[in-house]
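Me: I am new to this structure and would like to know what the labels used for it rest on. Please show it and then take my questions in turn.

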Amino acid sequence: MTFRKQLFIPNKRAYITGLNRPSVECIICAIINEEPEVANLTIWKNSTVAACVNLYPYNAGHLLLFPLRHIKDPRELNDEESLQMHSLLCHSLKRLDSVYRPEGYNIGYNIGEASGASIEHLHQHIVPRYPRELGFVDITAGAKIIIEDPNVTLALLREAFSDLKS
Ligand SMILES: [Zn+2]
């Protein structure tokens, strides 16, 4: 394993304050539409929902699930989107279990600025939790040392999702 993989330090503050933020109206819509300004982080998608790697992960395997439709609140999900979001959650947990073997998960939506949400487009976080996390090395303002480059996560999970029909 290279040094780079072990010591990838994302800086979420720069992202939130706009220093590194791509100039697109909605980063999730840009990912869905494969716009050139954003990295292609999609693990899997169909015509309703998608899963992608979080570019600023809290842990190895941190995923985002979202409807393709630009909505801001879970109450706006239609029946088909609700069903598919849940189905994708289950498929994702199964694959994260086999690739990362975490001991738990935090799963949820951040709604509104006060929650820390920095992207308006509704998205569900899946954060795998591990028994010996490097929480004590948290630095400041959202910067954290993590153990895996998101590009590595992306490659591992694209492989794990390759059996799932889109
Ligand atoms: Zn959007």
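The turns below go through the model's confidence, the zinc site, the sheet, the helices and some single residues.

Me: What kind of model is this, and how are its residues numbered?

Reply: It is a predicted model, in which local features need pLDDT of at least 70 and side-chain atom pairs count only at pLDDT 80 or more, while totals for chains, interfaces and linings use all residues. Residues are numbered from 1 along each chain as its sequence is written, and side-chain values use heavy atoms, with hydrogens and water left out.

Me: How do you know which stretches have pLDDT below 50?

Reply: Each residue carries a pLDDT, the predictor's confidence from 0 to 100. The mean for the protein chain is 83, and 77% of its residues reach 70 or more. Over residues 13-19 the value is below 50, and this stretch has 11 contacts in the model beyond near neighbours in sequence; a contact means heavy atoms within 4.5 Å. Residues 136-141 also stay under 50, with five contacts beyond four places in sequence. Where pLDDT is low, the predicted coordinates should not be read in detail.

Me: What makes an atom a donor of the zinc ion?

Reply: Donors are N, O and S atoms within 2.8 Å of the metal (3.2 Å for Na, K and Ca); water is not among the atoms, so sites may look incomplete. Cys26 (SG), Cys29 (SG), His70 (ND1) and His121 (ND1) lie 2.0 to 2.3 Å from the zinc ion and are its protein donors. Along the chain they follow the spacing C-x2-C-x40-H-x50-H. Cys26 is in the loop between helix H2 (12-16) and helix H3 (27-32), and His121 is in the loop between S4 and S5, so this pair ties together parts that are 95 residues apart in sequence.

Me: Why is the arrangement around the zinc ion called tetrahedral?

Reply: Four donors count as tetrahedral if all angles lie between 85 and 135 degrees; four count as square planar and six as octahedral if opposite donors are over 155 degrees apart and all others between 65 and 115, and anything else is irregular. The four donor atoms here subtend angles of 107 to 114°, so the arrangement is tetrahedral.

Me: What makes S1 and S4 edge strands?

Reply: Helices (H or I, at least four residues) and strands (E, at least two) are DSSP runs, numbered from the N terminus. Two strands pair if DSSP finds at least two bridges between them. The open sheet has five strands in the order S1-S2-S3-S5-S4, with antiparallel pairing. Strand S1 (42-45) and strand S4 (104-109) each pair on one side only, and these are the edge strands.

Me: How do you know that S3 pairs with S2 and with S5?

Reply: Five bridges join strand S2 (residues 49-53) to strand S3 (residues 63-67), and three join S3 to S5. Val53 stands opposite Leu63, Val49 has Pro67 as its bridge partner, and Leu64 stands opposite His125 in S5.

Me: Why is S3 called largely enclosed?

Reply: Buried means under 20% relative accessible area, exposed over 50%, and partly exposed in between (1.4 Å probe, protein chains only). Five of the five residues of S3 are buried, so the strand is largely enclosed by the rest of the structure. Leu63, Leu65 and Pro67 are on one side, with Leu64 and Phe66 on the other.

Me: Which helices lie against the sheet?

Reply: Helix H4 (residues 79-100) lies across S1, S2, S3, S4 and strand S5 (124-129), running at about 160° to S3. Helix H5 (residues 150-160) packs on the sheet, touching S1, S2 and S3, and makes about 30° with S1 in direction. Axes are lines fitted to C-alpha atoms, for helices over the stretch in contact, and angles run from 0 to 180 degrees between N-to-C directions.

Me: Is Thr153 buried or exposed?

Reply: Thr153, in helix H5, has 3% relative accessibility and therefore counts as buried. Beyond four places in sequence, Thr153 touches Val53, Gly61, Tyr100 and Glu148.

Me: Why is Val99 called partly exposed?

Reply: The relative accessible area of Val99 is 31%, so Val99 is partly exposed. This residue of helix H4 touches Leu156, Leu157 and Ala160, leaving aside residues up to four places away in sequence.

Me: What makes Arg101 count as exposed?

Reply: Its relative accessibility is 64%, so Arg101 counts as exposed. Arg101 is in the loop between H4 and S4 and has a positive phi of about 50° although it is not a glycine.
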